[in-house]
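Biologist: I'm new to this one and would like a close look at a single part of it. Could you take me through the strands and how they pair up, and then show me what sits around them?

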Amino acid sequence: MAQWQATMPYSGNSTTVCASNKATLLIHDKITCLKNSFVLQKFGTRSSCFNGYPIGLTHGCITAEPRVRKGIQAVLPSDAENGGGMRGKLNKVVLAYSGGLDTSVIVPWLRENYGCEVVCFTADVGQGLKELEGLEEKAKASGACQLVVRDLKEEFVKDYIYPCLRAGAIYERKYLLGTSMARPVIAKAMVDVAKEVGADAVSHGCTGKGNDQVRFELTFFALNPELNVVAPWREWDITGREDAIEYAKKHNVPVPVTKKSIYSRDRNLWHLSHEGDILEDPTNEPRKDMYMMTVDPEDAPNQPEYVEIGIESGLPISINGKKLSPASLLSKLNEIGGRHGIGRVDLVENRLVGMKSRGVYETPGGTILFTAVRELESLTLDRESMQLKDSLALKYAELVYAGRWFDPLRESMDSFMEKITETTTGSVVLKLYKGSVMVTSRKSPFSLYRQDISSFERSQIYDQADAAGFIRLYGLPIRVRAMLDKDV
């Protein structure tokens, strides 16, 4: 049976309580009951105090004693002797790693504060080979025991992008969810790696102001709720780039020498986002040299380009008759759309944490695909189905934006989207010209469009005289109200 001892600094007496399911602490004549799991979590990884006294776990006993230093920390002497840190003891942490300044200093910070091994993890979601160069050397120089790199491009497009595309998910009228879709596939891979290497925690470099912290952590919760989660930006005293550089120098961490961009960017196979600098003022026009995936529409070719997208059950399968894998297809369309200036969006959005933020997005291939699928649905979906699908697409987008990819509601909605688009099969020809995407042709073997019915020529199926009775019945409520108003 575990024995918890609370030793008060003002008395030589101590209170010892034996408990199997709860630990009871008697401090200043107040009783605090904590479940064992809660105690272990708090004293294992976080600072804690009772009535102003910091609490430490020493040889199986909880000790409350005064501290003279500013800022109370849960120092675990018994764990520290075995490689613990100032904030507790973790065995091994899998860190989402990019090789930039922030994640480079997180490695030694985790080791110092949690006495743990650090396994750096990098996901290739199409950010470009340049971003992956020299990562292993950087990670180990920062103190990591190893770097794990996973190519997730095909999984990202097939299992995350395509379902959103099929659902027609767009957040707040413009945003095609590029970052939102990438975070759950990365976080899922981190959970898998944590299991493989025997890690008991995962960590990320997301700030406390952004959406990504929610997206990562909800995925961790959904896939392995027993993993500890460490978010340094919510714990450490580093407040900016200069602090991070100073910390890196102090701990002999090589600071990345790459030139810092004035913008905060996120790139993957679906999009490239830009935030910060002059974009923080929504009255400023983006600079022409900011864009990286698309040419300025004014500088795009003077001749349009036609592209045919083949679609099967709501998902793209080919370009100009050539079948391609999901990642290859999207990559090709990024190239085609980029040279015509397709897919630029300037958006002020509502973040999950409550603030508004302004971002500029480049999504050339995604914009082409969204247009193609929507245009084909105009042939294959009836009015009621289309209206319901569009209404659910708003909620679908909201769930993805909010990091709830593995939420049963999204998964259930995905089943509906898969069923409703079973007949969305065919092809669409689009005309790309100086930033615009225009449909020129649509066809489907399941088309609900009948030329013999829609034609203005005489039809054997549709008798125009039938419309008179329809209008009288359809307009009856309006007519009755008017009769009431006029006392007829």
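Modeller: Here is a walk through the sheets and strand pairs, followed by a few helices and single residues.

Keep in mind from the start that this is a predicted model. The chain has 15 helices and 21 strands, and 46% of its 488 residues count as buried. If you take the contacts in the chain with a separation of 6 or more, residues 24 or more positions apart account for 67% of them.

Let's start with the parallel sheet. It is an open sheet of 5 strands, and its order reads β10-β9-β8-β11-β12. At the edges you'll find β10 (146–151) and β12 (228–230), each pairing on one side only. Going from one strand to the next, the twist averages 25°. For a look at one pairing, take β9 (residues 117–124), which runs parallel to β10 over 6 bridges. Within that pair, A123 has R150 of β10 as its bridge partner. If you wonder what holds such neighbours together in general, strands of a sheet pair through backbone hydrogen bonds, either parallel or antiparallel.

A helix goes with this sheet too. Helix α3 (residues 101–114) lies across β8 (92–96), β9, β11 (201–203) and β12. Its direction is at about 160° to that of β8.

Now for the antiparallel sheet. This one is also open, with 4 strands in the order β13-β14-β19-β18. The edge places go to β13 (264–267) and β18 (344–350); each has a single partner strand, so one side of each has no neighbour in the sheet. Here the twist averages 25° from one strand to the next. The partner of β13 is β14 (residues 272–275), and the two are joined in the antiparallel sense by 4 bridges. One of the residue pairs to find on screen is R265 with its bridge partner H274 in β14.

Next, have a look at β20 (residues 426–433). Of its 8 residues, 6 are buried, so the strand is largely enclosed by the rest of the structure. β20 pairs with β15 (residues 305–312) in the antiparallel sense over 7 bridges, and V307 meets L430 of β20 as its bridge partner. β20 is also joined by 7 bridges to β21 (residues 436–443), again running antiparallel. In that pairing, K431 has M438 of β21 as its bridge partner. The link between β20 and β21 is a hairpin with 2 residues between the strands, and K434 in the turn has a positive phi of about 45°.

That phi is worth a short detour. Most residues other than glycine have a negative phi. Besides K434, you can look up N320, where phi is positive and near 50°. N320 belongs to the loop between β16 (315–319) and β17 (322–323), and its relative accessibility of 48% makes it partly exposed. Then there is D487, with a positive phi near 55°. D487 comes in the segment after α15 (476–485) and is exposed, with a relative accessible area of 71%.

Away from the strands, two helices make a contact you can pick out. Helix α5 (residues 153–167) packs against helix α12 (residues 408–420) at an angle of about 65°, and their axes are 9 Å apart. The crossing is left-handed. On the α5 side the contact uses P163, R166 and A167, while α12 brings in D414, M417 and E418. Sorted by class, that gives 3 nonpolar residues, 3 charged ones and no polar ones.

A charged residue to visit last is E217, in helix α7 (residues 212–223). Its relative accessibility is 10%, so E217 counts as buried, the cut-off being under 20%. Which residues does E217 contact, leaving aside its neighbours within four places in sequence? They are H204, V229, A231 and R234.

As for cysteines, C164 is buried at 2% relative accessible area, and C206 counts as buried at 11%. The disulfide count comes to 0.

Notes. Residues are numbered from 1 along each chain as its sequence is written. This is a predicted model: local features need pLDDT of at least 70, side-chain atom pairs count only at pLDDT 80 or more; totals for chains, interfaces and linings use all residues. Side-chain values use heavy atoms; hydrogens and water are left out. Axes are lines fitted to C-alpha atoms, for helices over the stretch in contact, and angles run from 0 to 180 degrees between N-to-C directions. A crossing is left-handed if the near helix is turned anticlockwise from the far one by less than a right angle, and right-handed if clockwise. Contact means heavy atoms within 4.5 Å. Ala, Val, Leu, Ile, Met, Phe, Trp, Tyr, Cys and Pro count as nonpolar, Asp, Glu, Lys and Arg as charged, and the others, Gly among them, as polar. Two strands pair if DSSP finds at least two bridges between them. A disulfide is a pair of cysteine sulfur atoms within 2.5 Å. Buried means under 20% relative accessible area, exposed over 50%, partly exposed in between (1.4 Å probe, protein chains only).
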